[in-house]
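Q: Please explain how the descriptive terms applied to this structure are justified. For each one, set the value against the criterion and draw the conclusion.

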Amino acid sequence: MKNYYDIIVVGAGPAGSVAARYAARHGVSVLLLEKDRDVGYPVRCGEAVNKSRITEFIDPDEKWICAHINKFRFVAPNDKEVTLQFREEGYILERRIFDYQLAKLASEEGAEVVTRAYVNGLIIDEDCVRGVKALIRGEEIKIKSKIVIAADGVESRVGRWAGLKTHIDFRDMESCVQVTASNINNINPDTCYFYFGENVAPSGYFWIFPKGNHIANIGLGVSGIIGKKKSALKYFNQFMERRYPDAPFLTSIAGGVPCSVTLKKISSNGIIMTGDAARQVNPLTGGGISSGMIGGSIAGDIAGHSIKRNTTDYLSKYPELWHQQVGKKHEIYNRIKNGIYNFTDDKFNKIADSVLKLPDDKRTLRNVFTTALINQPSLLLDVAKVFIY
Ligand SMILES: Cc1cc2nc3c(=O)[nH]c(=O)nc-3n(C[C@H](O)[C@H](O)[C@H](O)COP(=O)(O)OP(=O)(O)OC[C@H]3O[C@@H](n4cnc5c(N)ncnc54)[C@H](O)[C@@H]3O)c2cc1C
């Protein structure tokens, strides 16, 4: 390993690996540092993605696709079920392999990937980030760079060290619990299940995502505010005792998902932030894999471009590009989320009842939205904007 790279990326999640790849494409030197022993492990994710959003970055490969999804099932608090055909295909990933493949693509493009490399500080000179301090396989090392990309996930500290404000409101931090369980026999292998209601997952949702062979990711997210009164784990245990009391757990995890708009400031002198670190998660669904990859691609491309032209002036374009491509939509999703999360059980039940009155071929996501809007007309404008942008 050298003691200088043009660009250092901290964190080899989807955002970091894509950032490293897009930066390396410019022919500049890129170092991707990951604190864990293996890229992609441990997995803290439901692993659901929309196919079209990720195949822009990686060719589909059955090695990392556990299940092909073409239906959603929404379960109302009164247990009424609405099933919708999904027009675009979705996947349930095997992220252990998916994340690894993304890092491999970055290395094939020329980025150097180092695992067991824990970044524990920044080199800052005259108010500009000029590299990182890291503990790499037991050795304290300083590595200089022109640009650092912080892709260190939800618990990001790198941005904070550079003086960027990474705080988000407690109510926007979804507190999640999830297991990968086996012997889940009563689900369709091509359907993602979402449960709503005060007793199931207030201000969030409960999910069952099939992974094939009677295995599924089962979990929930509740707003940090709710989680303070009654933990996500308690809601989780209640659900499992009722539905799957004997299901063995193969893995269990807890974690936060920042369901907010993007941070106000995501770049500064010599540093840019991407993925969960920059709060680039879709605030309505909590999905951050594909949006992190988009954020990473913009960040990496801008950083590589800056080095090639020997100026860091381009970095200031990053927030603007992100906002145009995705950030603007996230602001609208966030307002829709705030509207939907205030729905009472009665409102969810009424929506399910109304949708169930529609003939099968009219039960589309659009009609569910329309029915929801009849219950909350103030959201209409925001939804209209999502379709316009
Ligand atoms: C329970 C749960 C379920 C979820 N389900 C879904 C889902 O179904 N679909 C979806 O799209 N999203 C889901 N998400 C969100 C998704 O997992 C994240 O949005 C996504 O992983 C963000 O990618 P990232 O690259 O920004 O961060 P991460 O994937 O978190 O990667 C960050 C990387 O940085 C490394 N790192 C951190 N600090 C350092 C450091 N100091 N030095 C070196 N390396 C460091 C970490 O080890 C990690 O590998 C879920 C999240 C949770 C918690």
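Q: Which residues come nearest to the ligand, and what makes a residue part of the shell around it?
A: In this predicted model, a residue belongs to the shell if its C-beta atom, placed from the backbone, lies within 6 Å of the ligand. There are 37 such residues, and G11, G13, G153, G275 and G288 come nearest. Two or more residues each are given by helix 1 (14–24), strand 3, strand 7, strand 10 (173–181), strand 14 (249–258) and helix 7. Helix 1 supplies the largest share, three residues.

Q: How do the residues of the shell divide into nonpolar, polar and charged?
A: The shell holds 17 nonpolar, 13 polar and seven charged residues. Glycine counts as polar under the classification used.

Q: Why is the ligand said to lie between two domains?
A: Residues of the shell come from both domain 1 (4–44 + 96–167 + 263–336) and domain 2 (68–89 + 170–258), and therefore the ligand lies between them. The domain assignment also gives a domain 3 (340–388).

Q: What makes domain 1 and domain 2 count as being in contact?
A: Two residues are in contact if their C-beta atoms lie within 7 Å. Eight residues of domain 1 are in contact with seven residues of domain 2. The side of domain 1 that touches domain 2 comprises three nonpolar, two polar and three charged residues. The C-alpha centres of these two domains are 30 Å apart.

Q: What span is expected of helix 7, and what span does the helix reach?
A: The expected span is 1.5 Å times one less than the number of residues. For the 20 residues of helix 7 the expected value is 28 Å, and the helix reaches 28 Å from its first C-alpha to its last, close to expectation.

Q: Why is helix 7 described as mostly covered?
A: A residue is buried if 20 or more other C-beta atoms lie within 10 Å of its own. In helix 7, 18 of the 20 residues are buried, and the helix is mostly covered.

Q: What is notable about the phi of N310, and is this residue buried or exposed?
A: N310 has a positive phi, near 55°, although it is a residue other than glycine. Most residues other than glycine have a negative phi. N310 follows helix 7 and lies in the loop between helix 7 (289–308) and helix 8 (317–341). The cut-off for exposed is 12 or fewer C-beta neighbours; N310 has 8 inside 10 Å and therefore counts as exposed.

Q: Where is E126 found, and why is this residue called exposed?
A: E126 sits in the loop between strand 7 (117–125) and strand 8 (128–136). With 6 other C-beta atoms within 10 Å, E126 is exposed, since the limit is 12 or fewer. E126 also has a positive phi of about 45° while not being a glycine.

Q: How do you know whether the peptide bond from Y41 to P42 is cis or trans?
A: Omega for this bond is near 5°, and the bond is cis. Most peptide bonds are trans. P42 lies in the loop between strand 2 (30–33) and strand 3 (48–50).

Q: Why is V49 called buried?
A: V49, in strand 3, has 23 C-beta neighbours inside 10 Å and so counts as buried, the threshold being 20 or more. Leaving aside neighbours within four places in sequence, V49 is in contact with I54, G90, Y91, L93, I289 and S290.

Q: What makes R335 partly exposed?
A: R335, found in helix 8, has 19 C-beta neighbours inside 10 Å and therefore counts as partly exposed; a buried residue would need 20 or more. The C-alpha atoms of R335 and P283 are separated by 9.0 Å, although these residues are 52 apart along the chain.

Q: How do you know that the radius of gyration of the protein chain agrees with that of a compact globule?
A: A compact globule of 389 residues would have a radius of gyration near 21 Å; the protein chain has 21 Å, so the two agree. The C-alpha trace spans about 65 × 45 × 40 Å along its principal axes. Buried residues make up 46% of the chain, and its secondary structure comes to 11 helices and 16 strands.

Terms used
Residues numbered from 1 in each chain as written. Predicted model: local features only at pLDDT ≥ 70, side-chain atom pairs only at ≥ 80, totals over all residues. Helix = DSSP H or I, 4+ residues; strand = E, 2+ residues; numbered from the N terminus. Domains from an automatic or database assignment. Rg over C-alpha atoms; globule rule 2.2 N^0.38 Å.
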